[in-house]
Amino acid sequence: MSSNIVKIFDTTLRDGEQAPGCGMTAEEKLRVAYQLEKLGVDIIEAGFPISSEGDFQSVKIIAERIRGCEVAGLCRANFNDIDRAWEAVKGAEYPRIHTFIATSDIHLKHKLRKDKDEVLEIISGAVKHAKRYTDNVEFSTEDATRTDLDYLCRSVDVAIRAGATIINIPDTVGYTVPEEFSYIIKTLKEKVPGIEDVTLSVHCHNDLGLAVANSIAAVNEGARQVECTINGLGERAGNASLEEIVMAIKVRNDRHPYETNIITENIYPTSRIVSQVTGVSVQPNKAIVGANAFAHEAGIHQDGVLKERITYEIMKAEEVGIPSNKIILGKHSGRHAFKKRLEEYGYFLDEKDFHHAFRMFKDLADKKKYVFDEDIEALISEEFVRSSDFYKLISANFSSGTDMNPVATVKLSIDGDEVTVSETGSGPVDAAYKAISKATGVTPNLEHYVVASITGGMDAQGEVTVRIEKDGIFSQGQGSSTDIVVASAKAYINALNKLRWRKEHPRRVTTTGL
Ligand code: KIV
Ligand code: ZN
């Protein structure tokens, strides 16, 4: 397989979702999947169907709705898992079964408690079983980079003989370094017969901050599929970041003469949607999509960029979809301009939703002089991107000051019923959180609470991110408003909705806890 196209396999909805607190509802996953399709990814790994009923349903619905890219379901190397994965993905235009088993001595001894020959038999049986359903079978050697290299070659050989058409080499624990990973890929290519007829893939974790560098090193040795996630989301330190791999290939095409099918102008909107849906903010200095990725603070840099952009910029913000003209709309803007802006960001609302969104935009424009793109995204995401079926904020009123006890009164819709509760607290946010907890009957631990300003200016909207925990289940939420107490209440309710969804859709297994 010597094509110069590097296929992008996005696993935001599977490995990304395994990050603590990043659980998404089926509706949210579908929303992200539509955006990934628009971004131009080649394969969407939609989930791990055996892990829970909720995951099965999300993969199924994504498989049925997404057209134009492959949809993969993950499964361990056993018949039950494979049957379930096929059941979930079979409605896709291009379904793929992705099956895996660990091959390192460490995993064989401590986790699987099997010897090497037993694992080879399992690989052969599992791949052959998957092949009964489809030709499109990917096999992964979990913990490949800590696997004895001869045994890795034997495992890959067995998988290819059994019919795997894609061989994925994961750096499961983010342990390898570029020179070593290049050597592993090179050795596989030299030693495994028939490897030239399959697509070689890599899947790198970022524990040492090397996931992108390792992935690119492997591409240079002939890997033609990379597994990655939006914003580098994923277990522990995350997975290789899609946007970084794609832009490293594009910007340094002199060193990496390959192409991807990614429409790079859709990178930033996708990053924002994933951040809003998961409630996980992107660090400001994150490459490609961080708020500061194209900002120049130092006078000397500003001067250089003003004279000639290429003095300090290696790519254009617009190339990755960051709008150059930040101020877009105000209270005099009409329906047409608003609709166009929404569509540029990937929000295609029906007439009723559009009417509602336009009213909200006008309300916001009355409070703020300029309505920035980020304001619009925040507003749309809260109302239309997230699922808020269980708890919804109807109204919130607070009073606080230096000479009084802070009081909050919140009116919520809880499973369709309206409930109003008042509480006092050490501050207005504390009072609001107590009132919301009382109304919903859920009192989680508040692990993390951060307020940031979405844009500049005195009238900027505040964006609040919270992380909560209850009975070992984590969840994150975001909320925004020109009033930070309202933003705080929205973020808390968003996190409570996700907590409840996770509770009602428990995972029976995860890839790490096998
Ligand atoms: O990191 C890993 O090894 C995985 C596999 C299941 C592909 O996510
Ligand atoms: Zn992984």
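A residue is called buried when its relative accessible area is under 20%, and this cut-off is worth keeping in mind while reading the structure above, which is a predicted model. Ser155 gives a clear case, because its relative accessibility is 0% and it therefore counts as buried. This serine belongs to helix 6, which covers residues 149-162, and, once its neighbours within four places in sequence are set aside, it is in contact with Thr103, Leu120, Ile123 and Thr141.

From this one residue we can step back to the whole chain. The protein chain contains 16 helices and 16 strands. Its radius of gyration is 24 Å, close to the 24 Å that the globule rule gives for 514 residues, so the chain is as compact as a globular protein of that length. Measured out along its principal axes, the C-alpha trace spans about 75 × 60 × 40 Å. Of the 514 residues, 57% count as buried, and among the contacts with a separation of 6 or more, 67% are between residues 24 or more positions apart.

The surface and the charges can be described in a similar way. The accessible surface of the protein chain comes to about 21,500 Å², and 51% of this area belongs to carbon and sulfur atoms. The chain carries 62 positive and 76 negative side chains, and the centres of these two sets lie 2 Å apart.

We can now turn to the metal site. Which residues coordinate the zinc ion (ligand 2)? The donors come from Asp15 (OD), His203 (NE2) and His205 (NE2), at 2.0 to 2.1 Å, and along the chain they follow the spacing D-x187-H-x1-H. Asp15 lies in the loop between strand 1 (7-10) and helix 1 (26-39), whereas His203 lies in strand 7 (residues 199-204), so the pair ties together parts that are 188 residues apart in sequence. Both of these residues fall under the cut-off given at the start: Asp15 is buried, with a relative accessible area of 3%, and His203 is buried as well, with a value of 5%.

A last stop is Gln476, which is found in strand 16 (residues 473-481). Is this glutamine buried or exposed? With a relative accessible area of 9%, Gln476 is buried. Leaving aside its neighbours within four places in sequence, Gln476 is in contact with several residues, including Pro20 and Gly21, Thr278, Gly279 and Val280, as well as Thr465, Val466 and Arg467; Asn494, Ala495 and Lys498 are also among its contacts.

Notes
Residues numbered from 1 in each chain as written. Chains lettered and ligands numbered in written order. Predicted model: local features only at pLDDT ≥ 70, side-chain atom pairs only at ≥ 80, totals over all residues. Heavy atoms only, no water. Donors = N, O, S within 2.8 Å, 3.2 Å for Na, K, Ca; no water. Helix = DSSP H or I, 4+ residues; strand = E, 2+ residues; numbered from the N terminus. Buried < 20%, exposed > 50% of the residue type's maximum accessible area, 1.4 Å probe, protein only. Rg over C-alpha atoms; globule rule 2.2 N^0.38 Å. Contact = heavy atoms within 4.5 Å. Areas by Shrake-Rupley, 256 points an atom, 1.4 Å probe, with all protein chains shown as cover. Lys, Arg positive; Asp, Glu negative; His and termini not counted. Charge placed at Lys NZ, Arg CZ, Asp CG, Glu CD.
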